[in-house]
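I opened the structure and kept notes as I went. The entries follow in the order I looked things up.

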Amino acid sequence: MTSGTEHMTNDNILKVEHLSMKFGGLMAINDLSFDVRRGDITALIGPNGAGKTTVFNCITGFYKPTMGMLTLTQRSGKQYLLERLPDFEITKQAKVARTFQNIRLFSGLTVLENLLVAQHNALMRASGYTVLGLLGLPAYKRAAKESVEKAAHWLEKADLVDRADDPAGDLPYGAQRRLEIARAMCTEPELLCLDEPAAGLNPRESAALNTLLHSIRGDTGTSILLIEHDMSVVMEISDHIVVLEYGQKISDGTPDHVKNDPKVIAAYLGVEDEELDEAISEVEAVSGGQN
Ligand SMILES: Nc1ncnc2c1ncn2[C@@H]1O[C@H](COP(=O)(O)OP(=O)(O)OP(=O)(O)O)[C@@H](O)[C@H]1O
């Protein structure tokens, strides 16, 4: 199999197999394997330093893994080995979009302009890369109309219509997060990778984020892979959770499975194996007390 060959569609959009990433003497990711099912919201969680961002950086081409295979299968069945592609091809061809822990918008451009700039590549292709194309080609006019329509669609989905003409930098934090996601959606990704989308959001903004993510999954079928520390967000929106600790997978399954997994409880409470029973009883006592 090589990058970009045609294959049968399967249920997994992404297969991570035996991924390892070494920084000097530090094994940040150690023989990690997991699947991201098509159309699911999959969360990658784990304590600080577990290796979540490193996995994202390998998937999006920012790091080249020391070992392992990252196979992305598009809806058409076309497959890409991400570890072999430069990052711009991962975005452009494999159609993986990403947001970052720190918001990266064009803060001086308006909200609408941010959504249009995201579609620059498609517009330039339609122009034939010539001035005449820009001025006269029907293909360009059609593409320009479509890009405005797409921007309007995502403005509405992200609940930003009222702020369309404001500079992106003037938006409240939660609205900037939704704009980043809307901008990524304008590139029509097959896999959307979100790095801590709920970080710093208040409960109302978190709820608006959940609505946006559910509508992305429901309306477009785009698969979402996210890193998130906020457990209430993770448990509410995820179909599937993969838990890392010290670069290795310690649990993998539904939110219910993961939240009751003793290994996960221990990792989050920071206890040794022999103290596990005690820790589990403590957690049960606390959750019992809240019900
Ligand atoms: N470029 C790098 N060079 C050296 N070490 C790195 C590099 N990037 C990450 N690491 C190390 O790899 C380990 C995993 O880091 P990573 O940022 O992936 O964890 P994380 O789970 O995303 O943590 P957090 O939740 O705090 O963001 C850490 O020990 C980190 O110090």
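**Helix H1.** I began with how well H1 is covered. Seven of its eight residues are buried, so I logged H1 as mostly covered, on a cut-off of 20 or more other C-beta atoms within 10 Å. The buried ones are Lys52, Thr54, Val55, Phe56, Asn57, Cys58 and Ile59. I noted that this is a predicted model. Just after H1, I checked the backbone at glycine 61. Glycine 61 takes a positive phi of about 85 degrees.

**Around the ligand.** Which residues surround the ligand? I listed Phe23, Leu26, Ala28, Gly46, Asn48, Gly49, Ala50, Gly51, Lys52, Thr53 and Thr54. Next I sorted this shell by class. I got four nonpolar residues, six polar and one charged. Then I asked which elements supply them. Strand E3 (26–37) and helix H1 (52–59) each supply at least two residues of the shell. H1 gives the most, with three residues.

**The sheet.** I traced the strand order next. Six strands form an open sheet, in the order E7-E8-E9-E4-E10-E11. The pairing is mixed. Why is one side of E7 and of strand E11 (248–253) left without a neighbour in the sheet? Both stand at the edges and each has a single partner strand, so one side of each stays unpaired. I also read off the twist. From one strand to the next, the twist averages 15 degrees.

**Strand pairs.** I looked at two pairs inside this sheet. Strand E4 (residues 41–45) and strand E9 (residues 223–227) run parallel and are joined by four bridges. Leucine 44 has isoleucine 227 as its bridge partner in E9. E7 also pairs in the parallel sense, with strand E8 (residues 191–195), over four bridges. There, the partner of alanine 97 in E8 is leucine 192.

**Side chains of E7.** I followed strand E7 (residues 96–99) residue by residue. Val96 and Arg98 point one way, while Ala97 and Thr99 point the other. All are buried. In a regular strand, side chains alternate between the two faces of the sheet.

**Helices on the sheet.** I went back to H1 to see what lies under it. H1 packs on the sheet and touches E4, E7, E8, E9 and strand E10 (240–245). Its direction makes about 145 degrees with that of E8. I then checked helix H7 (residues 173–185). H7 lies across E7 and E8 and runs at about 165 degrees to E7.

**Domains.** I pulled the domain assignment. The assignment gives domain 1 as 1–95 + 189–259 and domain 2 as 106–187. How many residues of domain 1 are in contact with domain 2? I noted 14, against twelve residues of domain 2. On the domain 1 side, E8 and helix H8 (203–220) are the elements giving two or more residues. H8 gives the most, with six. By class, that side of domain 1 has nine nonpolar, three polar and two charged residues.

**Valine 148.** Last, I looked up one residue in helix H6 (residues 138–157), valine 148. Is valine 148 buried or partly exposed? Valine 148 has 14 C-beta neighbours inside 10 Å, so it counts as partly exposed. I also took its distance to leucine 19. The two are 129 residues apart along the chain, and their C-alpha atoms are separated by 40 Å.

Methods: Residues are numbered from 1 along each chain as its sequence is written. This is a predicted model: local features need pLDDT of at least 70, side-chain atom pairs count only at pLDDT 80 or more; totals for chains, interfaces and linings use all residues. A residue is buried if 20 or more other C-beta atoms lie within 10 Å of its own, exposed if 12 or fewer, and partly exposed in between; C-beta atoms are placed from the backbone. Two strands pair if DSSP finds at least two bridges between them. A residue is near a molecule or strand if its C-beta atom, placed from the backbone, lies within 6 Å of it. Ala, Val, Leu, Ile, Met, Phe, Trp, Tyr, Cys and Pro count as nonpolar, Asp, Glu, Lys and Arg as charged, and the others, Gly among them, as polar. Domain bounds come from an automatic or database domain assignment. Two residues are in contact if their C-beta atoms, placed from the backbone, lie within 7 Å. Axes are lines fitted to C-alpha atoms, for helices over the stretch in contact, and angles run from 0 to 180 degrees between N-to-C directions.
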